[in-house]
Amino acid sequence: MSILKELQQIINPEHILIDEALKNHTYTKLGGKADFFVTPSTVEEVQEIIRYANKTDVPFTLLGNGSNVIVRDGGIRGIVLSLKKFLGIRREGNKVIAESGARIIDASRFALNEHLTGLEFACGIPGTVGGALYMNAGAYGGEVKDCLESALVVDSFGEVHRLPADSFDLEYRTSNIAEKGYIVLEASFSLEVSDYNEIKAVMDDLTYKRESKQPLEYPSCGSVFKRPPGYFAGKLIQDSELQGKGIGGAEVSTKHAGFIVNKNNATASDYISVIEMVQREVKTKFGVELEREVRILGED
Ligand SMILES: Cc1cc2nc3c(=O)[nH]c(=O)nc-3n(C[C@H](O)[C@H](O)[C@H](O)COP(=O)(O)OP(=O)(O)OC[C@H]3O[C@@H](n4cnc5c(N)ncnc54)[C@H](O)[C@@H]3O)c2cc1C
């Protein structure tokens, strides 16, 4: 049976898009197509899709909000799974429990409205809860690791488990989620009661800092590189005089050197060439290897 026919037996056919342009699902607004872009609406559907992909060896890629990935121009073969229908956010005691497709920004706002402190750092991070856990996303001194209590995941056999935070080896912009083959279904954040106005003041300050320093007017994937030990990636790039330098439609932002922006209909190939140019120049000038934070998916 064809992949499409098999998928149609697992989930509502309306939730399967064929040859879907992934530039519609990524923050860089570039990249090729997904053979099958599927958006399940129940945990059982997610389990069945994983079991099917395992059984048949159909390639399988998970996409969150696409804010930390670059999809190559040839797109992604097989199934691209999006949990964009898993949007619930609720409170249990002093915990905020958010489903994986919800934006972490919305979890942060929900916590504010519940007068709970601990998620302020996430108020401007444009990823989903699942993507934020995968990346151990963080900003301005806070990160997911600081407040994650546990998460509900599906393993590579399609089995569901609730695991404590320390099972994910959360470190600076990394976790073991890829290695373990987990799909995050929901995350539980342990927070504390505080004053609404105090929480809001912190969030307003972080939003001001972000809006004044980041080139949010152009598509990008945020900071492209991890902070190298003892340095700041943005400063190294700035001191290499790379701001404003570009290839095709992609260029190193003039506003924030750590960002590469899609300024004018860039291809993924332009974007990746700029990344490699920056890595080369910084290595030559300062002897520092810049490690990518952003993930590159798909084929040329
Ligand atoms: C303007 C801008 C500003 C940013 N600022 C910050 C910042 O301040 N701090 C920061 O840390 N990051 C920042 N980022 C990067 C990005 O938002 C984060 O890394 C975010 O956590 C990625 O989430 P996502 O849903 O977009 O994941 P995606 O980019 O879609 O995917 C990233 C990885 O997560 C995996 N993944 C996604 N969902 C799941 C899931 N449910 N289960 C298992 N794996 C999953 C994907 O397979 C992929 O490997 C910024 C990006 C942009 C564009």
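Around the ligand of this predicted model lie 37 residues, of which Gly64, Ser67, Thr128, Gly138 and Arg295 come nearest, a residue being counted as near if one of its heavy atoms lies within 4 Å of the molecule. The residues of this shell divide into 19 nonpolar, 14 polar and four charged, where Ala, Val, Leu, Ile, Met, Phe, Trp, Tyr, Cys and Pro count as nonpolar, Asp, Glu, Lys and Arg as charged, and the others, Gly among them, as polar. At least two shell residues each are supplied by β3 (60-63), α4 (129-135), β9 (138-139), β13 (183-190) and β15 (220-223), and the largest share, five residues, comes from α4; helices (H or I, at least four residues) and strands (E, at least two) are DSSP runs, numbered from the N terminus.

Polar backbone atoms also approach the ligand, with pairs of N or O atoms within 3.5 Å taken as polar contacts. A backbone N or O atom of Asn68 lies 2.7 Å from a ligand oxygen, a polar backbone atom of Ala132 is 3.4 Å from an oxygen atom of the ligand, and a polar backbone atom of Val184 is 2.9 Å from a ligand nitrogen. Of the 980 Å² of accessible area that the ligand has on its own, the protein covers 94% (Shrake-Rupley method, 1.4 Å probe).

Residues are numbered from 1 along each chain as its sequence is written. Local features need pLDDT of at least 70 and side-chain atom pairs count only at pLDDT 80 or more, whereas totals for chains, interfaces and linings use all residues, and side-chain values use heavy atoms, with hydrogens and water left out.

Note on methods. Polar contact = N/O pair within 3.5 Å; in protein donor to acceptor, adjacent residues only side chain to side chain.
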